[in-house]
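Me: Please take a close look at a single part of this model, namely one helix and the partners against which it packs. I should like a connected account, with neighbouring features added where they help.

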Amino acid sequence: MTTASRWPPASLLGGLDDRVRRELLGLGQSIRVRDGDRLLRAGDPATHVYLLLLGWFKVHANRPSGDEALIAVRSGGDLVGELAAFEGHPRTVSVRACGPGVVRRIDREDFLAFLTQHGPALRAVLRAISAKHRWVTRRLTEFAGYAVRRRVACVLAELLEKDLRQHSGSAIPVQLSQAELAALAGTSVPSVQRVLRQFRTEGLVETRYRRVVVTDVPGVTRLAGTEPTTECVW
C-alpha cells in the first residue's frame, strides 16, 4: 500500500504530492483519540487545526434551541479547523471522534507558515475549502429539491465512497442514529424511517441498531444519481 492509498483520492492528504504530504505530516503532534473525544468546540479560539489520519469524526453545529445538529462526517485524509485558522475567529462548529482514531494537531501559526512556503499545499487546502462551499450551495439548491429517497441514498452512497474498504454488503462505516441520518439528509426522522423501510423491502439495505448495511451498493448508487457524490454531503 502506498502512502497516498491510505486516504481517499478526493481527500486533502490523498491528493497531495508525496513530498509535500510527508512535510505536512511532519508538523505538529500525533494524538490517538477515543470514541467521543472532542477535537474542536464551537466558540473556542482557533489556536490549531487537525489533520485526520485514521478514523471517523462528526461535525456538529449549535442550534438556537441549544442542542446540536450533525452537519457533516469527516474521515481520515481530511482537515478540520482550517476556516477559523484562516480567519482568526472563534470556531463555529464542534468536532468529535466517532470511534478510535489518530489525528495530528498542528498549531495555527505553524500551519499558516507551512502554507505560505508550500504553494501546492495551499492550493490543495483551498480546493478542499471550495468543495465544502460548493456542497453548501448544492444543499441549499439542488439537494433541497431532491425526493427524500434520493437524499437518503446520496448520504449512504457518500459514506461508502469515503470508506476505502467498501464492498458489496458494506456496513456504513460510521454509526449514525436515525436522527443523525435525517439531519444529514435534510429531512425528518419519520421520513428517514419510511425510506429505510422501503429500502429494506427493495433489498437495498438491512438495518440494525445505529447501523445500516447496504446490501445493494450499485442500486443505492444509481438511486443517488450521477453527480459526484463526494460533493453532496462533504
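Reply: I begin with a short loop and then turn to the helices. In this predicted model, Arg210 lies in the loop that joins strand E10 (205-208) to strand E11 (211-214). The phi angle of Arg210 is near 50 degrees, a positive value in a residue other than glycine. Arg210 has a relative accessible area of 28% and is therefore partly exposed, since that class lies between the limits of 20% and 50%.

The helix for the close look is H7, which covers residues 148-161. Two packed helices are described by the angle between their axes and the distance between the axes. For H7 and helix H10 (residues 217-224), the angle is about 125 degrees and the axes are 8 Å apart. H7 and H10 are therefore oblique to each other, because 125 degrees lies outside the ranges for roughly parallel, roughly perpendicular and roughly antiparallel. The crossing in which H7 passes H10 is left-handed. On the H7 side, the contact is made by Arg149, Arg150, Ala153, Cys154, Leu156, Ala157 and Leu160. H10 contributes Val217, Val220, Thr221, Leu223 and Ala224. By character, the residues of this contact between H7 and H10 comprise nine nonpolar, one polar and two charged.

The second partner of H7 to be described is helix H9 (residues 189-201), with an angle of about 75 degrees and axes 10 Å apart. This angle makes H7 roughly perpendicular to H9, because that term applies from 65 to 115 degrees. Val148, Arg149, Val152, Ala153 and Leu156 of H7 meet Ser191, Val192, Val195, Gln198 and Phe199 of H9. Seven nonpolar, two polar and one charged residue make up the contact of H7 with H9. Arg149, Ala153 and Leu156 of H7 take part in the contact with H10 and also in the contact with H9.

Helix H4 (residues 108-117) may be set beside this account, with its buried residues Arg108, Phe111, Leu112, Phe114 and Leu115. These residues lie on the same side of H4 because they cover an arc of only 160 degrees around the axis. An α-helix has 3.6 residues a turn, so residues three or four places apart point the same way. Glu109, Thr116 and Gln117, on the other side of H4, are exposed. The partners of the buried residues of H4 include helices H2 (18-25), H3 (82-87) and H5 (119-140). These buried residues also pack against strands E3 (48-54), E6 (79-80) and E8 (101-107).

Definitions and conventions. Residues are numbered from 1 along each chain as its sequence is written. This is a predicted model: local features need pLDDT of at least 70, side-chain atom pairs count only at pLDDT 80 or more; totals for chains, interfaces and linings use all residues. Side-chain values use heavy atoms; hydrogens and water are left out. Buried means under 20% relative accessible area, exposed over 50%, partly exposed in between (1.4 Å probe, protein chains only). Helices (H or I, at least four residues) and strands (E, at least two) are DSSP runs, numbered from the N terminus. The arc is that of the directions from the helix axis to the C-beta atoms. Contact means heavy atoms within 4.5 Å. Axes are lines fitted to C-alpha atoms, for helices over the stretch in contact, and angles run from 0 to 180 degrees between N-to-C directions. Angles under 35 degrees count as roughly parallel, over 145 as roughly antiparallel, 65 to 115 as roughly perpendicular and the rest as oblique. A crossing is left-handed if the near helix is turned anticlockwise from the far one by less than a right angle, and right-handed if clockwise. Ala, Val, Leu, Ile, Met, Phe, Trp, Tyr, Cys and Pro count as nonpolar, Asp, Glu, Lys and Arg as charged, and the others, Gly among them, as polar.
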